[in-house]
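Colleague: I am learning to read a protein model, and I would like to take it one feature at a time. Could you give me the general idea first and then the case before us?

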Amino acid sequence: MDLTSVLLFVLFLVFIWYLVGNRINRQQAYKFFACLNPFFKRELGTSAHFNTRFDIDVLDPVAPYRTANIQVMLEGREIIFLWLFNWFVLRKRDRFVLRADLVTDPVHELLVADPQLDLGKLALKNARAKGMDVERTVGPDGRVLEFAASSGACKKLAGHLARIILQQNWPVTVVSYHKHRPHLVAVCGLQAGSILPDFFQRIRKLGFEIIK
């Protein structure tokens, strides 16, 4: 087989991989949004407006949200080299991001983050830059989460949330409440599956505590 044939064969494989990866990502996004249906109105809002197949705005959000957006961030399966780099080097997995503004600007800030993952590291770095004292807690399987807050009462709430995440083995990267907008940023793995109702309910209830 000459060099031209080899290159054509490689290009063909890359093209086929792109089609397969693109299809898998569409299916992943569809499955995730389908999982939201049973509790969407209760924990998020009346309905969703799809900006793209991976990004939605929540219409008429429930309290304490004023606005809310959910974005699905998928592995770069379409491009094999990017996917391999993300999987083995950056350790990126399929995840979703909930961004929300609360009806009242929070007085305090709160953070729970996984220090082993990219967005968790960034959130913890920002918390330390603000002078927040970061503590850690360890789950029964050895997994570590770190948490911080701008007040003692919120620190207790953050520690409690971190322990629940570890006990339930939720694939959470970050849950962060800010004084600035977006007031809430929550990042969680798409493999969350059946825990989604509990997760969304808990962070919504915590939102009420943050704006008290």
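Colleague: Let me begin with a proline: where does Pro64 lie in this chain?

Modeller: Pro64 is in the loop between strand 2 and strand 3, where helices (H or I, at least four residues) and strands (E, at least two) are DSSP runs numbered from the N terminus. Please keep in mind that this is a predicted model, in which local features need pLDDT of at least 70 and side-chain atom pairs count only at pLDDT 80 or more, while totals for chains, interfaces and linings use all residues. Residues are numbered from 1 along each chain as its sequence is written, and side-chain values use heavy atoms, with hydrogens and water left out.

Colleague: Which peptide bonds are cis, and what is omega there?

Modeller: The bond that joins Ala63 and Pro64 is cis, with omega about 10°. The bond from Arg181 to Pro182 is also cis, with omega near -5°, and Pro182 sits in the loop between strand 8 and strand 9.

Colleague: How should I read the sheet, and what is the order of its strands?

Modeller: In a regular strand the side chains alternate between the two faces of the sheet. Here nine strands make an open sheet in the order 1-2-3-4-9-8-5-7-6, with antiparallel pairing, and two strands count as a pair if DSSP finds at least two bridges between them. At the edges are strand 1 (45-52) and strand 6 (135-138), each of which pairs on one side only. From one strand to the next, the twist averages 15°.

Colleague: How many bridges join strand 1 to strand 2, and how many join strand 2 to strand 3?

Modeller: Strand 1 and strand 2 run antiparallel and are joined by six bridges, and a hairpin of two residues connects them. Strand 2 (residues 55-61) is joined to strand 3 (residues 65-73) by three bridges, again antiparallel. You can follow Asp57 across both pairings, since Asp57 in strand 2 is the bridge partner of His49 and also stands opposite Asn69 in strand 3. Look as well at Asp60, which is found in strand 2 and has a positive phi, near 50°, although Asp60 is a residue other than glycine.

Colleague: What lies between strand 6 and strand 7?

Modeller: These two strands form a hairpin with five residues between them, and Gly142 in the turn has a positive phi of about 90°. The strands pair in the antiparallel sense over four bridges, and Thr137 has Leu145 of strand 7 as its bridge partner.

Colleague: Now the helices, please: at what angle do helix 5 and helix 6 cross?

Modeller: Two packed helices are described by the angle between their axes and the distance between the axes. The axes of helix 5 and helix 6 come within 11 Å and cross at roughly 175°; axes are lines fitted to C-alpha atoms, for helices over the stretch in contact, and angles run from 0 to 180 degrees between N-to-C directions.

Colleague: Why are helix 5 and helix 6 called roughly antiparallel?

Modeller: Angles under 35 degrees count as roughly parallel, over 145 as roughly antiparallel, 65 to 115 as roughly perpendicular and the rest as oblique, and helix 5 and helix 6 are therefore roughly antiparallel to each other. Their contact (heavy atoms within 4.5 Å) is made by Cys154, Leu157, His160, Leu161 and Ile164 of helix 5, together with Arg202, Leu206, Glu209 and Ile210 of helix 6. By class these residues are six nonpolar, one polar and two charged, where Ala, Val, Leu, Ile, Met, Phe, Trp, Tyr, Cys and Pro count as nonpolar, Asp, Glu, Lys and Arg as charged, and the others, Gly among them, as polar.

Colleague: Which residues does Ile211 touch, leaving aside those up to four places away in sequence?

Modeller: Ile211, in the segment after helix 6, touches Pro64, Leu102, Val103 and Thr104. Ile211 and Asp105 are 106 residues apart in sequence, yet 6.7 Å apart in space, C-alpha to C-alpha.

Colleague: Finally, how much space lies in the largest pocket?

Modeller: The space is about 380 Å³. On a 1 Å grid over the protein atoms alone, a cavity is a set of points where a 1.4 Å probe fits but cannot get out, whereas a pocket is an open set with protein on both sides within 12 Å along at least five of seven lines, and lining residues have an atom within 4 Å of a point. The lining has 21 residues, with Ala123, Asn126, Ser176, His178 and Val185 nearest the centre, and helix 4 gives the largest share, five residues.

Definitions and conventions
Points joined across faces, edges and corners; volume = space filled by probe spheres on them.
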